[in-house]
Amino acid sequence: MSTTMRAAVINRTGPAEVLEIAEVPVPPKISAEFLIEVHAAGINPIEAKSRAGGGVSAAFTGFPVTLGADFSGVVVESPYVTHPLEPGTEVYGMSSTPRIPGTYAQFAPVSEMSVARKPKNLTHIEAAGVPLAALTAWGAVVDVARAHEGQRVLIHAGSGGVGHFAVQFARYFGAHVIATGSTRNVSFLRELGAAEVIDYTTSRFEDEVSEVDAVIDLIGNVKDNTGSRSLKTLRKGGLLVNVPTGSWTGFIEEAADAGIRATDYKVSPDARTLDTITRLIEDGDVKVHIDRVFPLAEAAAAHAALEEGHTRGKIVLDIAGS
């Protein structure tokens, strides 16, 4: 195996154009880590925010930095000889970037707690779109909001990366799902399992829905004060879960003033939960939608596309085919 690899790196924070392709050393596997040959890597909003100088950029200790959390690929080295995920096993998961080098690269070291068997019915491109978004949706909808039969849940940006999983998980656990989206995504959201869809281009959602038990807020106040307006839709004592980093400062206090419980949610790599999600995918209960695929060399274009907004599902880098 070569000692160097191609990776999309940044040498400073800034616009999408700061992402460039470089030849860098293959990172070593240490302790209870895998070394993964990455076939595909998902693109996530937190990575664009970090590249621009927000997000988790405070953890950058120097440049160049390789971004990327999602991966699907093949085990090159396992944590130990008798590990059940032996070399050659197809796996996927979410890395703890930037604490360790990211997955916009041909190889990546990943913690044992972050790696699961790839769903048998997904390609590497499809699987790379799952981990961070699905784990975030699971945490917000299942772990925090406790989705269940009879519950009314409003999900904003239901057609996006996290949103399209959130709609499916809430529906799977029996909740009555109300999703917001644009005109072009109304049918898509119904196919995912939304019982009601509110087209935000033609209606004010707070005029259309009330007395919901929980709001999964995937927008915050960065667009049209969506977060603050959501408080009007909740019953007294209802729950608002705000997800995007830095999207609504002071939301807990604002919610409390309205008699609403509120919390943020931050995802962490969790192979055990990902194993559960894998079973739902293999059983056909949950699907991943890939909007666009870019080669590794066009990582900057992939970030630019994400930042344009209106992505349906996920954008993925094809690394093995680059």
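**Entry 1. Terms and model**

I begin with a definition: a residue is buried under 20% relative accessible area, exposed over 50%, and partly exposed in between. By this rule I classed Phe 173, at 30% relative accessibility, as partly exposed. I note that the model is predicted.

**Entry 2. An aromatic cluster**

I looked up the aromatic pairs and found that the structure holds six. In one of them, the ring centres of Trp 138 and Phe 173 are 5.7 Å apart and the planes stand at 75°, so I recorded this pair as edge-to-face, the class for planes over 60 degrees apart. Where do the two partners, Trp 138 and Phe 173, lie? Trp 138 belongs to helix α3 (residues 131–144), whereas Phe 173 is in the loop between α4 (161–172) and β10 (176–181); the pair therefore ties together parts that are 35 residues apart in sequence.

I then turned to Tyr 172 and Phe 173. Their ring centres are 5.2 Å apart and their planes are at 85°, so this pair is edge-to-face as well.

Is Trp 138 buried or exposed? I found a relative accessibility of 10% for Trp 138, which counts as buried because the cut-off is 20%. Tyr 172 has 37%, so I entered Tyr 172 as partly exposed. Finally, I noted that one aromatic cluster is formed by Trp 138, Phe 165, Phe 169, Tyr 172 and Phe 173.

**Entry 3. A charge over a ring**

I also examined Phe 188. Over its ring sits the charged end of Arg 312, at 4.7 Å from the ring centre.

**Entry 4. A three-strand sheet**

Next I traced an open sheet of three strands, whose order is β2-β1-β4 and whose pairing is antiparallel. Its edge strands are β2 and β4, since each of them pairs on one side only. Between β1 and β4 I found two bridges, in the antiparallel sense. Val 9 stands opposite Thr 66, a residue of β4. I reminded myself that strands of a sheet pair through backbone hydrogen bonds, either parallel or antiparallel.

**Entry 5. The second largest pocket**

I then considered the second largest pocket, which holds about 320 Å³ of space. It is lined by 17 residues, and those closest to its centre are Pro 64, Val 65, Thr 66, Ile 100 and Pro 101. Which strands supply at least two residues each to this lining? I found β1 (4–10), β2 (20–25) and β4 (65–66). Thr 66, which I had met opposite Val 9, is thus listed again here, among the residues closest to the pocket centre. By residue class, the lining has 12 nonpolar, four polar and one charged.

**Entry 6. Cis peptide bonds**

I checked Pro 64 further. The peptide bond that leads from Phe 63 to Pro 64 is cis, with omega near 5°. Pro 64 is in the loop between α1 (45–51) and β4. A cis peptide bond also joins Thr 97 and Pro 98, with omega about 10°. I located Pro 98 in the loop between β6 (90–94) and β7 (107–111).

**Entry 7. Strand β6 and its partners**

How many residues of β6 are buried? I found four of its five, and so the strand is mostly covered, buried being under 20% relative accessible area. β6 pairs with strand β5 (residues 70–77) over five bridges, in the antiparallel sense. Within that pairing, Val 91 of β6 is the bridge partner of Gly 73. β6 also runs antiparallel to β8, to which three bridges join it. There, Gly 93 stands opposite Val 115 in β8.

**Entry 8. A contact across the chain**

Just before β8 I looked up Ser 114, which lies in the loop between β7 and β8 (115–117). At 4% relative accessibility, Ser 114 counts as buried. I noted that its C-alpha atom is separated by 5.1 Å from that of Pro 269, although the two residues are 155 residues apart along the chain.

**Entry 9. Two positive phi values**

Last, I examined the loop between β12 (212–217) and α7 (226–230), where Asp 224 has its place. Asp 224 is not a glycine, yet its phi is positive, about 55°. Asn 225 is in the loop between β12 and α7 too, and its phi is also positive, near 50°. Which class of exposure does Asp 224 have? I recorded Asp 224 as partly exposed, at 47% relative accessibility. Asn 225 is likewise partly exposed, with a relative accessible area of 44%.

Note on methods
Residues numbered from 1 in each chain as written. Predicted model: local features only at pLDDT ≥ 70, side-chain atom pairs only at ≥ 80, totals over all residues. Heavy atoms only, no water. 1 Å grid on protein atoms, 1.4 Å probe; cavity = no way out; pocket = protein on both sides within 12 Å on 5 of 7 lines; lining within 4 Å. Points joined across faces, edges and corners; volume = space filled by probe spheres on them. Nonpolar A, V, L, I, M, F, W, Y, C, P; charged D, E, K, R; others polar. Phe/Tyr/Trp six-rings, centres within 6.5 Å; stacked < 30°, edge-to-face > 60°. Buried < 20%, exposed > 50% of the residue type's maximum accessible area, 1.4 Å probe, protein only. Lys NZ or Arg CZ within 6 Å of the ring centre and 35° of its normal. Pairing = 2+ DSSP bridges.
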